[in-house]
Amino acid sequence: LESCSDAENPKLSLMKHVDLPDCSKGVSCITFRPDDKLFVCSTWDYALRYFSASKKNKQLAVLDWHHSSVTSLAFHANLLFSACKEGKIVCWNLYA
């Protein structure tokens with residue numbers, strides 16, 4: 001992860017920059033765990049990709065359940081919630 005700021009507009013700043021290894025699919029949304037050690041992104045193939053937020057951003061898992069575009073991701077405690085265009089919300093226990 002990198003941090004930087006926009007010198008031309010000091011009111012705007014880029015807080016995180018993420019390079020996704022081996023992820024050629026477009027990304028529809030992304031969320032970081034509150035401790036910033038892990039993150040999940042949803043890709044245009046409807047999968048959720050779970051990464052370690054280290055310098056190499058190692059992919060830890062692919063969660064393949066949704067059958068339409070994921071529109072929202074959120075962490076709460078040790079749970080990840082994902083919602084899709086079909087109107088389904090899934091609660092994932094990533095630490096079970």
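**Strands, cores and contacts in a predicted model**

Me: In this predicted model, which residue is the bridge partner of L48 in strand 6?
Reply: Strand 5 and strand 6 run antiparallel, joined by 4 bridges. L48 belongs to strand 5. Its bridge partner in strand 6 is L63.

Me: What is the strand order of the open sheet of 4 strands?
Reply: The pairing in this sheet is antiparallel. Its edge strands are strand 3 (27-32) and strand 6 (59-63), each pairing on one side only. From one strand to the next, the twist averages 20 degrees. The order is 3-4-5-6.

Me: How many bridges join strand 4 to strand 5?
Reply: Strand 4 covers residues 38-43 and strand 5 covers residues 48-52. The two run antiparallel. L38 stands opposite S52, and C41 stands opposite R49. The number of bridges is 5.

Me: Which residue takes a positive phi in the hairpin of strand 4 and strand 5?
Reply: This hairpin has 4 residues between the strands. One residue there has a phi near 75 degrees. That residue is Y46.

Me: Is strand 5 largely enclosed or largely open?
Reply: L48, Y50 and S52 point one way from strand 5, and R49 and F51 point the other way. Both groups are buried. That makes 5 of the 5 residues buried, so the rest of the structure leaves strand 5 largely enclosed.

Me: Which strand gives the largest share of the largest nonpolar core?
Reply: This core has 13 residues, and V40, L48, L80, W92 and L94 have the most contacts inside it. Strand 4, strand 5, strand 7 (70-76) and strand 9 (89-93) each give two or more residues. The largest share is 3 residues, and it comes from strand 7.

Me: How many residues are in the other core, which includes F32?
Reply: This core lies apart from the core of 13 residues. C41, F51 and A53 are also among its members. Its residue count is 5.

Me: Which residue of strand 9 does L48 touch?
Reply: Leave out residues up to four places away in sequence. L48 then touches V40, C41 and S42, among others. From strand 6 its contacts include A61, V62 and L63. Strand 9 spans 89-93, and the contact of L48 that falls there is W92.

Me: What is the strand order of the open sheet of 3 strands?
Reply: The pairing is antiparallel here. Strand 7 and strand 9 are at the edges with a single partner strand each, so one side of each has no neighbour in the sheet. Neighbouring strands are turned by 20 degrees against each other on average, direction ignored. The order is 7-8-9.

Me: Which residue of strand 9 stands opposite A83?
Reply: Strand 8 and strand 9 pair over 5 bridges. The sense is antiparallel. Opposite A83 stands I89.

Me: Is S82 buried or exposed?
Reply: S82 is found in strand 8 (residues 79-84). Its relative accessible area is 1%. Buried means under 20%, so S82 is buried.

Me: Which side chains make polar contacts with that of S82?
Reply: S82 touches L48, H66, V70, S72, L73, K88, I89, V90 and W92, leaving out residues up to four places away in sequence. A side-chain polar contact of 2.7 Å links S82 to H66. Another, of 2.9 Å, links S82 to W92. The partners are H66 and W92.

Me: How many disulfides does a search of the whole structure find?
Reply: A disulfide is a covalent bond between the sulfur atoms of two cysteines. C41 is buried at 0% relative accessibility. C91 is partly exposed at 43%. The search finds 0 disulfides.

Me: What distance separates the C-alpha atoms of Y95 and L79?
Reply: Y95 sits in the segment after strand 9. At 34% relative accessibility, Y95 is partly exposed. Y95 touches R33, L38, Y50 and N78, not counting residues up to four places away in sequence. L79 is 16 residues from Y95 along the chain, and their C-alpha separation is 8.1 Å.

Conventions:
Residues are numbered from 1 along each chain as its sequence is written. This is a predicted model: local features need pLDDT of at least 70, side-chain atom pairs count only at pLDDT 80 or more; totals for chains, interfaces and linings use all residues. Side-chain values use heavy atoms; hydrogens and water are left out. Two strands pair if DSSP finds at least two bridges between them. Axes are lines fitted to C-alpha atoms, for helices over the stretch in contact, and angles run from 0 to 180 degrees between N-to-C directions. A nonpolar core is a set of buried Ala, Val, Leu, Ile, Met, Phe, Trp, Tyr and Cys residues joined through side-chain atoms within 4.5 Å. Buried means under 20% relative accessible area, exposed over 50%, partly exposed in between (1.4 Å probe, protein chains only). Contact means heavy atoms within 4.5 Å. A polar contact is a pair of N or O atoms within 3.5 Å; within protein, one must be able to donate a hydrogen and the other to accept it, and residues adjacent in sequence count only if both atoms are side-chain atoms. A disulfide is a pair of cysteine sulfur atoms within 2.5 Å.
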